[in-house]
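The following paragraphs guide a new reader through one molecular structure. Attention is given to helix packing and to aromatic rings.

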Amino acid sequence: MNFDTYKPEYAAAFKALNIHWLEQFFIVEQHDQNVLSNPAKYIINTGGDILVAKLEDNVVGVVALMPDENGIFELTKMAVDSNYRGQKIGQQLLQFTIDFAKKKGLDSLILYSSKKLENAIYLYHKFGFKEIPLEQPNPYLRADIKMQIKL
C-alpha cells in the first residue's frame, strides 16, 4: 500500500467512500454534502489536506485534516472501502495521518465521532487520542464524543 496527498482525480473516490460509510451508519448531513462535493473549497483551500491510501491504482482509504476557525485541525472524513476492511488499512492510514500532521508542524488533532462506532473509538484510543469535552452545539448531529491527540 502507498499513500498520497490530494489530487483532483481523487475527489470522486473521497466523496464516494464517505457517502457509502455515512449512509451505512448515519445520514449524510448538509455539512457533509458541502465538504464532500467541494473538497478543494472546504479543505484544501483553507490550509487542510486530504490523504489517500492506495492499493495498486485503487483508492481504498481517505482522510482529511481540516482546520477550524481557530486553526485547530480536525481529523475528519476518514473512510475505508468496505471491500478492503479487515486489512488494517484504517490503522495504516491513521498512522500515516498522524506522522503527516507532525511533519506539518501541528501540535494536536481533534476528531468527532459516535460511540456506536466501537471499532473506530478503540482505534483512536490505541493511537493515543483522549476524550475531551464535547461542545454544544457540535458540528455533527451524529457526534456524541470528541477526542484529541497531542502530537
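In this predicted model, helices H4 and H5 are oblique to each other, because the angle between their axes is about 40° and an angle that is neither under 35 degrees, nor from 65 to 115, nor over 145 counts as oblique. Two packed helices are described by the angle between their axes and also by the distance between the axes. For H4 and H5, the axes are 11 Å apart. Helix H5 comprises residues 118-126, while H4 comprises residues 89-103. Their crossing is right-handed. On the side of H4, the contact is made by Gly90, Gln91 and Leu94; H5 contributes Leu123, Tyr124 and Lys126.

Helix H4 also takes part in the aromatic pairing of the structure, which holds six aromatic pairs. A pair of aromatic rings is described by the distance of the centres and the angle of the planes. Phe3 and Phe96 form one of these pairs, with 4.5 Å from centre to centre and 10° between the planes. The arrangement is stacked, because planes under 30 degrees apart count as such. This pair links distant parts of the chain: Phe3 belongs to strand E1 (residues 2-5), Phe96 belongs to helix H4, and the two residues are 93 residues apart.

How accessible are the two partners, Phe3 and Phe96? Phe3 has a relative accessibility of 25% and counts as partly exposed. Phe96, at 24%, likewise counts as partly exposed. Ring pairs further link Phe3, Phe96 and Phe100 into a cluster.

A second pair to consider is that of Trp21 and Phe25, whose ring centres are 6.1 Å apart. Their planes stand at 50°, so the pair is tilted. Both residues lie in helix H1 (residues 11-25), and because they are four residues apart there, about one helical turn separates them. Are Trp21 and Phe25 buried or partly exposed? Trp21 counts as buried, because its relative accessibility of 18% falls under the limit of 20%. Phe25, by contrast, has a relative accessible area of 31% and is partly exposed.

Finally, the ring of Phe26 is accompanied by charged side chains. The charged end of Lys116 sits over this ring, 4.8 Å from its centre. Arg142 also lies over the face of Phe26, at 5.9 Å from the ring centre.

Key:
Residues numbered from 1 in each chain as written. Predicted model: local features only at pLDDT ≥ 70, side-chain atom pairs only at ≥ 80, totals over all residues. Heavy atoms only, no water. Phe/Tyr/Trp six-rings, centres within 6.5 Å; stacked < 30°, edge-to-face > 60°. Buried < 20%, exposed > 50% of the residue type's maximum accessible area, 1.4 Å probe, protein only. Lys NZ or Arg CZ within 6 Å of the ring centre and 35° of its normal. Axes fitted to C-alpha atoms, helices over the stretch in contact; angles between N-to-C directions. Left-handed = near helix turned anticlockwise from the far one by under 90°. Contact = heavy atoms within 4.5 Å.
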